[in-house]
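Trainee: Could we go through this structure together? I would like to begin with the charged side chains.

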Amino acid sequence: QVQLVESGGGLVQPGGSLTLSCKASGSNFLVYEMGWHRQAPGKQRELVAVISRNGSTNYRDSLKGRFAISRDLAADTVYLRMNSLKPEDTAVYYCHADLIVGGRLGDIWGQGTQVTVSS
C-alpha cells in the first residue's frame, strides 16, 4: 500500500511564505505525475500545480509567479513553495499522485494540510 503524507501547513500572515511537502511511501510503486490541489470552505477542490517525472510543470493561471512546485524523484517527494500569500489562499491543500502500484495504474490523495493566511 502506498500513501502520501503532507506537511508544512499552518498559520501565516498575509505576504508571508510557506513550503508544503508531500512524500509518497510504501513498496513496489512508481510515481508519475505529482501535484497539489486545494479546497477552500464552501468551494470546490481546484488544481494548484502539477509536475511530471521529467520536471515539466503546470500551474493554475492565477497562481503563476507566486507558487512554485518542485520534486525530488529519488525521495518521491513533491514541494510547493508559496510566496506573497493572501487570505484567499486559505484552504486545505491536498497532495495527489498518479502512480503504478503492483503493476496497476492508479492515483492517490494525501489527507490534506491546512493553510491559513490571516493577520
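Mentor: Certainly; please keep in mind that this is a predicted model. The side chains of Arg-38 and Asp-89 form a salt bridge, with an N to O distance of 3.0 Å.

Trainee: Where do Arg-38 and Asp-89 lie?

Mentor: Arg-38 belongs to strand S4 (residues 29-39), while Asp-89 sits in the loop between strand S8 (77-82) and strand S9 (91-101), so the pair ties together parts that are 51 residues apart in sequence.

Trainee: Are these two buried or exposed?

Mentor: Arg-38 counts as buried, at 8% relative accessibility. Asp-89 is also buried, at 1%.

Trainee: Which other side chain meets Asp-89 in a salt bridge?

Mentor: Arg-66 does, at 2.8 Å from N to O. This pair links distant parts of the chain, 23 residues apart: Asp-89 is in the loop between S8 and S9, and Arg-66 is in the loop between S6 and S7. Arg-66 counts as buried, with 13% relative accessibility.

Trainee: And what does Glu-46 pair with?

Mentor: Glu-46 forms a salt bridge with Arg-60, and their closest N and O atoms are 3.2 Å apart. Glu-46 lies in strand S5 (residues 46-51) and Arg-60 in the loop between strand S6 (57-59) and strand S7 (67-72), so parts 14 residues apart in sequence are tied together. Glu-46 is partly exposed at 22%, and Arg-60 is partly exposed at 31%.

Trainee: Which residues are linked in a network of salt bridges?

Mentor: The network links Arg-38, Glu-46, Arg-60, Arg-66 and Asp-89. The structure holds 5 salt bridges.

Trainee: Let us turn to Glu-6. How far away is the nearest side chain of opposite charge?

Mentor: That side chain is Arg-45, 7.8 Å away. A salt bridge requires a distance within 4 Å, and Glu-6 has none, although it is buried. Glu-6 is found in strand S1 (residues 3-7).

Trainee: Then which backbone nitrogens lie by its side chain?

Mentor: The backbone nitrogen of Gln-111 is 3.0 Å from a polar atom of the Glu-6 side chain, and that of Gly-112 is 2.6 Å from such an atom. Beyond its neighbours within four places in sequence, Glu-6 is in contact with several residues, including Cys-22, Trp-36, Tyr-93 and Cys-95.

Trainee: One last topic: which residues form a nonpolar patch on the surface?

Mentor: Leu-30, Tyr-32 and Leu-105 form it, with about 310 Å² of accessible area together. Leu-105, in strand S10 (residues 104-109), is exposed, with a relative accessible area of 70%.

Definitions and conventions
Residues are numbered from 1 along each chain as its sequence is written. This is a predicted model: local features need pLDDT of at least 70, side-chain atom pairs count only at pLDDT 80 or more; totals for chains, interfaces and linings use all residues. Side-chain values use heavy atoms; hydrogens and water are left out. Helices (H or I, at least four residues) and strands (E, at least two) are DSSP runs, numbered from the N terminus. Buried means under 20% relative accessible area, exposed over 50%, partly exposed in between (1.4 Å probe, protein chains only). Lys and Arg count as positive and Asp and Glu as negative; His and the chain ends are not counted. A polar contact is a pair of N or O atoms within 3.5 Å; within protein, one must be able to donate a hydrogen and the other to accept it, and residues adjacent in sequence count only if both atoms are side-chain atoms. Contact means heavy atoms within 4.5 Å. Patches are made of residues with over 30% relative accessible area and no salt bridge: like charges are joined within 9 Å, nonpolar side chains (Val, Leu, Ile, Met, Phe, Trp, Tyr) within 5 Å. Accessible areas come from the Shrake-Rupley method with a 1.4 Å probe; for residues, only the protein chains shown count as cover.
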